Amino acid sequence: DILKIRPFMSDLMAEFEFELLDRHHEFTYRDQMKETPSVRIDGKRVQQAIRNIIGNAVKYGPADLRVDTDLYAEGNFVCLSIRDNGPGIPEEKLPYIFDRFYRIDPERSKDLMSTGLGLAIARELIEAQEGEVVASSPAEGGTCFTIKLPIAGNAVNSDQKTSEPAGAAAGRRDSAV
Ligand code: ATP
Ligand code: MG
C-alpha cells in the first residue's frame with residue numbers, strides 16, 4: 001500500500017504508547033518530519049517489526065524502562081529510531097543480533113522464553129519492503145534500532161503533483177503509480 005507516513009506512524013505509535021504506559025514505562029514519540037512523504041509499505045508488517053523491537057526493550061529493559069522514538073527523513077528514506085535505556089548490547093555483538101536463533105545471554109534468555117528469532121523476523125519484514133533495520137549502541141547507554149523505509153517516488157507533497165523538473169523524474173527508482 002502507499003501510505004502517508006506521518007498519520008500512519010502517529011497512529012501506530014499511539015498504540016505502543018498506550019501499551020507501554022499501561023505497563024508503567026515511559027514512552028515518547030517525536031515527529032521531526034517537515035514534509036509528509038508517502039511510503040510503499042505493508043503497514044501490518046511494519047507494525048510487527050516495530051513490535052518485535054519494542055518487545056525486546058520491554059523484555060530486556062529495567063522496570064523504569066523508557067523508550068524514545070523519533071521519525072525523521074534521511075535522503076530517500078523515512079527513518080524511525082527506537083531507543084531504550086536497557087542494558088545495551090556490546091559493540092562486538094551488534095553484528096549478530098539479527099541472526100536467527102542468536103541470543104546474547106542464552107541462559108538468561110531461556111527464562112524469558114526467547115527463541116532468538118524476533119530481530120531476524122523484524123529485519124526480514126523490513127527488507128521485504130526494500131527497507132533496512134540497523135542497531136547501534138549509543139554512548140549514553142541503552143540500545144538504538146533504526147528502521148528505514150523508502151520514500152515512494154518523489155511524492156513529497158502529493159497535493160502539488162502538477163509540475164516537476166524533468167531531471168527529478170528521471171532519477172527516480174520507482175515512479176509513483
Ligand atoms: P524472541 O524475540 O524470538 O522471543 P529474543 O528476544 O532472544 O527471542 P531477538 O529479538 O532476535 O531474540 O534478539 C536477539 C538478542 O539480542 C536477544 O536475545 C538479546 O540478547 C539481544 N537484544 C535484543 N534487543 C535488545 C535490547 N533492546 N536490549 C538489550 N538486548 C537486546
Ligand atoms: Mg525478541
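The legends below describe close-up views of a predicted model of one protein chain with a ligand.

**View 1. The whole chain contains five helices and seven strands.**
From the N terminus onward, the elements follow the pattern β-α-β-β-α-β-β-α-α-β-β-α. The protein chain has 177 residues, of which 25% count as buried. Among contacts with a separation of 6 or more, 63% join residues 24 or more positions apart.

**View 2. Five strands form an open sheet in the order 2-4-5-7-6.**
The pairing in this sheet is mixed. Strand 2 and strand 6 stand at the edges, and each has a single partner strand, so one side of each is left without a neighbour in the sheet. On average, neighbouring strands are turned by 15° against each other, direction ignored. Strands of a sheet pair through backbone hydrogen bonds, in either a parallel or an antiparallel sense. Helix 1 lies across strand 2, strand 4 and strand 5. The angle between helix 1 and strand 2 is about 170°.

**View 3. Strand 4 and strand 5 form a hairpin.**
Strand 4, residues 66–74, pairs with strand 5 in the antiparallel sense, and the pairing runs over eight bridges. One bridge joins D68 to R83 in strand 5. Two residues lie between the strands of this hairpin. In the turn, G75 has a positive phi of about 60°.

**View 4. Strand 7 pairs with strand 5 and with strand 6.**
The pairing of strand 5 with strand 7 (residues 143–150) is antiparallel and covers eight bridges. Opposite C79 stands K148 of strand 7, L80 has I147 as its bridge partner, and D84 stands opposite T143. Strand 6 and strand 7 also pair in the antiparallel sense, over five bridges. Here V134 stands opposite T146 of strand 7. The hairpin of strand 6 and strand 7 has six residues between the strands, and G141 takes a positive phi near 100°.

**View 5. Strand 7 has a covered face and an uncovered face.**
T143, F145, I147 and L149 make up the covered face. The uncovered face consists of C144, T146, K148 and P150. In a regular strand the side chains alternate between the two faces of the sheet. Of the bridge partners shown in the previous view, I147, the partner of L80, belongs to the covered face. K148, which stands opposite C79, belongs to the uncovered face.

**View 6. Helix 4 has its buried residues along one face.**
The buried residues of helix 4 are G118, L119, A122, R123, L125 and I126. Seen down the axis of helix 4, these residues fall within an arc of 160°, so they line one face of the helix. The elements that cover them include helix 2, strand 6 (132–136) and strand 7.

**View 7. Ligand 1 is surrounded by 22 residues.**
The closest of these residues are N56, I104, S114, G118 and L119. G118 and L119 are also among the buried residues of helix 4. Helix 2 (43–60) and helix 4 (118–127) each supply at least two residues of the shell. Helix 2 gives the most, with four residues. By class, the shell holds ten nonpolar, nine polar and three charged residues.

**View 8. R100 is an exposed loop residue.**
The loop that holds R100 lies between strand 5 (77–84) and helix 3 (106–111). R100 is exposed because it has 12 other C-beta atoms within 10 Å, and a residue with 12 or fewer counts as exposed. Beyond its neighbours within four places in sequence, R100 is in contact with G116, L117 and A120. R100 and G118 are 18 residues apart in sequence, and their C-alpha atoms are 8.3 Å apart. G118 is one of the residues closest to ligand 1.

**View 9. R23 is an exposed residue in the loop after helix 1.**
This loop runs between helix 1 (5–22) and strand 2 (26–31). R23 has 10 other C-beta atoms within 10 Å, so R23 is exposed. L65 is 42 residues from R23 along the chain, and the C-alpha atoms of the two are separated by 9.5 Å.

Definitions and conventions. Residues are numbered from 1 along each chain as its sequence is written. Chains are lettered from A and ligands numbered from 1 in the order in which they are written. This is a predicted model: local features need pLDDT of at least 70, side-chain atom pairs count only at pLDDT 80 or more; totals for chains, interfaces and linings use all residues. A residue is buried if 20 or more other C-beta atoms lie within 10 Å of its own, exposed if 12 or fewer, and partly exposed in between; C-beta atoms are placed from the backbone. Two residues are in contact if their C-beta atoms, placed from the backbone, lie within 7 Å. A residue is near a molecule or strand if its C-beta atom, placed from the backbone, lies within 6 Å of it. Ala, Val, Leu, Ile, Met, Phe, Trp, Tyr, Cys and Pro count as nonpolar, Asp, Glu, Lys and Arg as charged, and the others, Gly among them, as polar. Two strands pair if DSSP finds at least two bridges between them. The arc is that of the directions from the helix axis to the C-beta atoms. Axes are lines fitted to C-alpha atoms, for helices over the stretch in contact, and angles run from 0 to 180 degrees between N-to-C directions.
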